[in-house]
Amino acid sequence: MAPELKASATLGSVFEAIDPDNPDFLHLQRIVSKLVPFGTHAGTEITEIGPHRAIVEIPDEPYVLNHLRTVHAGAQFLAADIAGACAFVGALASRLSAIDTLVLRDARLSFRKPALGRIRAIGVIDPSDVASVLAAEGGRRLDVDARALMYDTAGVLVGKVALDYVCTLAPEA
């Protein structure tokens, strides 16, 4: 992990350079791409972060395949988790400096079809949870629900993932 990220006391401190009134989503994408070294190791690529969704892609490479030559379930889950967390970052861009932690607590996966080729995980955050985090006072712990839909190269839905995160807000000064 990059030394500047290891030293960070809170998640929000990683995003200090982001203007909450006018967030630069491309800059957010560059920052978040460095936060999950295992995602980089596995070859996932964050291709979009915006206020309403995030997209993470798994490459069409032999090293992400299982013994059946389909994309490994672990690779799919990794992309879905990163997409959900990135959707959180995009949706809460105006309040990132107040976020202490975001931790995945639970997930439910449903694989629909064999995943072949490049896989896109599209993550979104429940809008009511976004509103709750935006309105909450510092020091609170909140549940945040996300979901990720995974599509293959042909646009076929290959999986659905429900993600339950816990978000803690830094205490107010």
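The following exchange is about salt bridges in a predicted model.

Modeller: Local features here need pLDDT of at least 70 and side-chain atom pairs count only at pLDDT 80 or more, while totals for chains, interfaces and linings use all residues. Residues are numbered from 1 along each chain as its sequence is written, and side-chain values use heavy atoms, with hydrogens and water left out.

Biologist: Why is the contact of Arg 118 with Glu 45 called a salt bridge?

Modeller: A salt bridge needs a side-chain nitrogen of Lys or Arg within 4 Å of a carboxyl oxygen of Asp or Glu. The closest N and O atoms of Arg 118 and Glu 45 are 3.1 Å apart, so the pair qualifies.

Biologist: How many salt bridges does this rule give?

Modeller: The count is six.

Biologist: What makes Asp 164 buried?

Modeller: Buried means under 20% relative accessible area, exposed over 50%, and partly exposed in between (1.4 Å probe, protein chains only). Asp 164 has 15% relative accessibility, so Asp 164 counts as buried.

Biologist: Why is Arg 108 called partly exposed?

Modeller: Its relative accessibility is 42%, which lies between the two cut-offs, so Arg 108 is partly exposed.

Biologist: What makes Asp 143 and Arg 105 a salt bridge?

Modeller: Their N to O distance is 2.5 Å, which is within 4 Å, so the definition is met.

Biologist: How do you know that Arg 105 is partly exposed?

Modeller: Arg 105 has 46% relative accessibility, which falls between the cut-offs, so the label applies.
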